[in-house]
Amino acid sequence: MASSLEQRRHLATEIPGPRSTELMARKNSAVASGIGVTMPVFAVEAGGGIVQDVDGNSFIDLGSGIAVTTIGNSAPRVVEAVRQQVEAFTHTCFMITPYEGYVAVAEALNRLTPGDHEKKSALFNSGAEAVENAIKIARAHTGKQAVVVFDHAYHGRTNLTMAMTAKSMPYKSGFGPFAPEVYRAPLSYPYRDALLSKEGAVDGELAARRAIDVIEKQVGAGNLAAIVIEPIQGEGGFIVPADGFLPALSAWCTANGVVFVADEVQTGFARTGAMFACDHEGVVPDLIVTAKGIAGGLPLSAVTGRAEIMDASHVSGLGGTYGGNPIACAAALATIETIEAEGLLERAQEVERVLLDGLHRLQADDDRIGDVRGRGAMIAVELVRSGTDEPDADLARAVAASAHRAGVIVLTCGTYGNVLRLLPPLAISNELLIEGLDILTRTFSEVQS
Ligand SMILES: *Cc1c(COP(=O)(O)O)cnc(C)c1O
């Protein structure tokens, strides 16, 4: 277990309690309003499947700080590795006097990512920064400029990644102009595609042909540097494309001199029951972007890929002051060791069975649950108005708010805001997981739409 924190949901006050309410008032006067919060409770300790707040309330964690603390919060190996590194040195800048931890993380990424070709890596701080660098590398390698992304995509909040992200509110609205040469293609979205054609929903190759048609006609392979895709979409609603969609896109890229980039920022590092979501379909991306779950909560991200593509940039064309910070690298090595030593891929598969079992039972009794989907510890339900396929964002909001008051951290997502997503840490016990599901189930019966 991740820490000595008692693994028990406990409500000591109303949610939020008095100390959190006081801190929220300070937050509101000191912190820019653009920084929103999902739950107005202030954390003091977290570990296993529990987050504890300043009022002594203990919440069941079904969010992992947005898919970051996959191995658990304050995971023992991470704590020890960080402690040792902090005492040795905190920063030299890898571009000034390098250190072994950075190289060891690059070696681990080259070993763990899909494919056994020769690979290289570069380290950065955030997911968005790594996505931007994957584009720089693909452009340098191909000598081309255009980038294709997909409907419902989320790639970050910096200028280039805002252009790549699909949803206007809250990510883009009012923040333009956006970077040019970014084009959007249709995704395979089995639940919504089925509303148009039953066969179309399960035929990933057909969906890929639809996307490739748009790409060939509206962009042209001769102008296209890279296709960037989340193998399972995160913020867009945990959309798992139909079988065959990703392999067909990847094959088209290979045949047309286009770099196939998998954005595995949310899906990587055991989250989906495989080390990377591409592994489920045997897809080998040219470049893979990782962050979130990579370092047990410390800020680190990476681009890993074919050595000849990764080496396309001139010397000193890539980098940054903090990229691959030594403390974050120590945490990443400890995270990878934890995943491998504790069999966490299998644990994520077990979490999938528990979650799908509970949610399918809920769906059988409640026709507001249009779809149950996802892989591993990345599972969601898409909510609709009773007996229709109309997205119901109000219901998702009401269920999440009610679960929060009952002591369960859940998040919403999706283009229509109507998806409840579950991202528990793999360090959570089955007892807490099932209790969290029971509370969600109860919440559904209480919340009328
Ligand atoms: C979170 C996320 C990003 C952005 O990562 P940041 O670290 O927030 O910049 C990019 N892509 C995907 C798929 C994500 O889930």
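In helix H9 of this predicted model, six positions are buried: Gly204, Ala207, Ala208, Ala211, Ile212 and Ile215. Look at where they point. They cover an arc of only 135 degrees around the axis, so they sit on the same side of H9. Now turn to the face that points away from this buried side. There you find the exposed residues Arg209 and Lys217.

What do the buried residues of H9 pack against? Three of the partners are strands: E5 (146-150), E6 (182-185) and E7 (224-229). Two are helices: H8 (198-202) and H10 (245-255).

The length of H9 can be checked too. The helix runs over residues 204-218, which makes 15 residues. At 1.5 Å a residue, H9 should span 21 Å. Its end C-alpha atoms are 21 Å apart, which agrees.

Next, look at the two ends of H9. At its start, a side-chain oxygen of aspartate 203 comes to within 3.2 Å of the backbone nitrogen of glutamate 205. Just after the helix comes glycine 220, with a positive phi of about 95 degrees.

Helix H1 invites the same walk-through. H1 covers residues 18-30, a run of 13 residues. From first C-alpha to last, H1 reaches 18 Å, close to the 18 Å expected at 1.5 Å a residue. Its buried residues are Ser20, Met24 and Lys27. They share one side of H1, because they cover an arc of only 60 degrees around the axis. These buried residues pack against strand E2 (50-53). On the other side of H1, the exposed residues are Pro18, Glu22, Arg26, Ser29 and Ala30.

Now move to the ligand. Which residues are around the ligand? Three of them follow one another in the chain: Ser126, Gly127 and Ala128. Tyr154, His155 and Gly156 are also there. The list is completed by Glu230, Asp263, Val265, Gln266 and Lys292.

Some of these residues make polar contacts with the ligand. A polar side-chain atom of lysine 292 is 2.6 Å from a ligand oxygen atom. The side chain of aspartate 263 has an N or O atom 2.7 Å from a ligand nitrogen atom. Tyrosine 154 takes part through its backbone: a polar atom there is 3.4 Å from a nitrogen atom of the ligand. How much of the ligand does the protein bury? Taken alone, the ligand exposes 380 Å², and the protein buries 82% of that.

Gln266, one of the residues around the ligand, is also touched by arginine 421. Arginine 421 is found in strand E15 (residues 419-422). Is arginine 421 buried or exposed? Its relative accessible area is 3%, so arginine 421 is buried. The cut-off for buried is under 20%.

What does the side chain of arginine 421 reach? A polar contact of 2.9 Å links it with the side chain of glutamate 235. The arginine 421 side chain also reaches the backbone oxygen of threonine 412, at 3.3 Å. Leaving out residues up to four places away in sequence, arginine 421 touches several more, including Leu62, Ile66, Phe238, Ile379, Ala380, Leu411 and Cys413.

The last stop is the backbone itself. Most residues other than glycine have a negative phi, and most peptide bonds are trans. So it is worth looking at some exceptions.

Start with the peptide bonds. The bond from methionine 169 to proline 170 is cis, with omega near 5 degrees. Glycine 176 and proline 177 are also joined by a cis peptide bond, with omega about 5 degrees. Where do these prolines lie? Proline 170 is in the loop between helix H6 (159-164) and E6. Proline 177 is in the loop between H6 and E6 as well.

Now for phi. Alanine 67 is not a glycine, yet its phi is positive, at about 65 degrees. Alanine 67 belongs to helix H2 (residues 64-67). It counts as buried, because its relative accessibility is 1%. Serine 74 is another residue other than glycine with a positive phi, near 50 degrees. Serine 74 lies in the loop between H2 and helix H3 (76-88). With a relative accessible area of 35%, serine 74 is partly exposed.

Conventions
Residues are numbered from 1 along each chain as its sequence is written. This is a predicted model: local features need pLDDT of at least 70, side-chain atom pairs count only at pLDDT 80 or more; totals for chains, interfaces and linings use all residues. Side-chain values use heavy atoms; hydrogens and water are left out. Helices (H or I, at least four residues) and strands (E, at least two) are DSSP runs, numbered from the N terminus. The expected span of a helix is 1.5 Å times one less than its number of residues. Buried means under 20% relative accessible area, exposed over 50%, partly exposed in between (1.4 Å probe, protein chains only). The arc is that of the directions from the helix axis to the C-beta atoms. Contact means heavy atoms within 4.5 Å. A residue is near a molecule or strand if one of its heavy atoms lies within 4 Å of it. A polar contact is a pair of N or O atoms within 3.5 Å; within protein, one must be able to donate a hydrogen and the other to accept it, and residues adjacent in sequence count only if both atoms are side-chain atoms. Accessible areas come from the Shrake-Rupley method with a 1.4 Å probe; for residues, only the protein chains shown count as cover.
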